[in-house]
Amino acid sequence: DSTTTDTETADITEYDAIIAMGGDGILFEIFQGIHARSDSDTILSKMKFGIIPCGTFNGLSKSILHWSNVQYDVMESIFHVCKGHTSTLDIASYTLLSNTATTTKAQPKSYMSFLSFAWGLIADCDYESECLRWLGAIRSDIWAVYRGLLCRRNYRARFSYLPPSSNEANAVAAGNCGGDGREPGEVVMPKLGEPLPDGWVSFEDDFIVFWVCNTSHAAHNMFTCPMAKMNDGLFHVLIVR
């Protein structure tokens, strides 16, 4: 198949771990490569991953060291990797439905995520500040003043969610009692473009910040979600309107 690459089909079972030296971006790219493979579930269940913080923000490295109750430092990360200290980490998948996919019936593209989802001001500060990358992590602070105060935008969107109190009722209504391979009480996400099931809440508004955190730190200097754990299965949503 000429559409596949060697990285999507090569046998990597001889390796025990993948160690990335860089920021959150390089590990993100590694996970997208694994996500494109047909044996991605097997790889994720058996392979160990490590990250040495050499990037700009290093949110995952900071979160891991925070959960380990040790100081944030490159050498500390190296020591933990060399000692083989591992733990499970929540991994999420998400789908982007572009205008092209809507009009051409193309398959929406899915991704894997381990850190956070950002839309609005936070995403602008991340992407638009690339022109100031030479300044290091302070680039996002400078762009936050520019985009958040001097030239502020509002971002129109519709936000839909299932309140925690509705999870069990929603699962029971869907007939999910554990006999279909899913855990009891597990909720099935509605497909894109389909009406939301009963119990879901949806509202449309002008947002400034929409930030979903999976880790305690979005960057080494951003303690965004103190209550977040490595594998609690929870995402914490921050909205500013």
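# Exercises on a predicted protein model

The buried residues of helix α7 pack against strand β5 (116-120), helix α8, strand β6 (155-161) and strand β8 (209-213). The model used in these exercises is predicted.

## Exercise 1: Helix α7 and its partner α8

Task: State which residues of α7 are buried, and describe how α7 packs against α8.

Solution.

Step 1. Locate the two helices. Helix α7 covers residues 121-128, and helix α8 covers residues 138-150.

Step 2. List the buried positions. In α7, these are L121, A123, D124 and C125.

Step 3. Choose the descriptors. Two packed helices are described by the angle between their axes and by the distance between those axes. For α7 and α8, the angle is about 125° and the axes are 9 Å apart.

Step 4. Classify the angle. An angle from 65 to 115 degrees would be roughly perpendicular and one over 145 roughly antiparallel; α7 is therefore oblique to α8. The crossing of α7 past α8 is right-handed.

Step 5. Identify the contact. On the α7 side it is made by L121, D124, C125, D126 and E128, and on the α8 side by R139, S140, W143, A144, R147 and G148. By class, the residues of this contact divide into four nonpolar, two polar and five charged.

## Exercise 2: Positive phi values

Task: What are the phi values of N58 and N69, and is each residue buried or exposed?

Solution.

Step 1. Recall the general expectation. Most residues other than glycine have a negative phi.

Step 2. Read the two angles. Phi of N58 is near 55°, a positive value in a residue other than glycine. N69 is not a glycine either, and has a positive phi of about 60°.

Step 3. Place the residues. N58 lies in the loop between β2 (48-53) and α4 (59-67), while N69 lies in the loop between α4 and α5 (74-83).

Step 4. Apply the cut-offs. Buried means under 20% relative accessible area, and exposed means over 50%. N58 has 4% relative accessibility, so it counts as buried. N69 has 71%, so it counts as exposed.

## Exercise 3: Distant in sequence

Task: For G33 and M112, and for E204 and R156, state the separation along the chain and the C-alpha distance.

Solution.

Step 1. Take G33, which is found in helix α2 (residues 24-35). At 35% relative accessibility, G33 counts as partly exposed. G33 and M112 are 79 residues apart along the chain, and their C-alpha atoms are separated by 9.7 Å.

Step 2. Take E204, found in strand β7 (residues 201-207). Its relative accessibility is 42%, so E204 counts as partly exposed. E204 and R156 are 48 residues apart in sequence and 7.3 Å apart in space, C-alpha to C-alpha.

Step 3. List the contacts of E204. Apart from neighbours within four places in sequence, E204 is in contact with R156, A157 and R158.

Step 4. Turn to the whole protein. Of the contacts with a separation of 6 or more, 65% are between residues 24 or more positions apart.

## Exercise 4: Cysteines and overall composition

Task: How many disulfides, helices and strands does the structure have?

Solution.

Step 1. Recall the bond. A disulfide is a covalent bond between the sulfur atoms of two cysteines.

Step 2. Give the result. A search of the whole structure finds zero disulfides. Of the cysteines, C82 is exposed, at 65% relative accessible area, and C151 is partly exposed, at 33%.

Step 3. Count the elements. The protein has nine helices and nine strands, and buried residues make up 31% of its 241 residues.

Key:
Residues numbered from 1 in each chain as written. Predicted model: local features only at pLDDT ≥ 70, side-chain atom pairs only at ≥ 80, totals over all residues. Heavy atoms only, no water. Disulfide = S-S within 2.5 Å. Buried < 20%, exposed > 50% of the residue type's maximum accessible area, 1.4 Å probe, protein only. Axes fitted to C-alpha atoms, helices over the stretch in contact; angles between N-to-C directions. Helix = DSSP H or I, 4+ residues; strand = E, 2+ residues; numbered from the N terminus. Parallel < 35°, antiparallel > 145°, perpendicular 65-115°, else oblique. Left-handed = near helix turned anticlockwise from the far one by under 90°. Contact = heavy atoms within 4.5 Å. Nonpolar A, V, L, I, M, F, W, Y, C, P; charged D, E, K, R; others polar.
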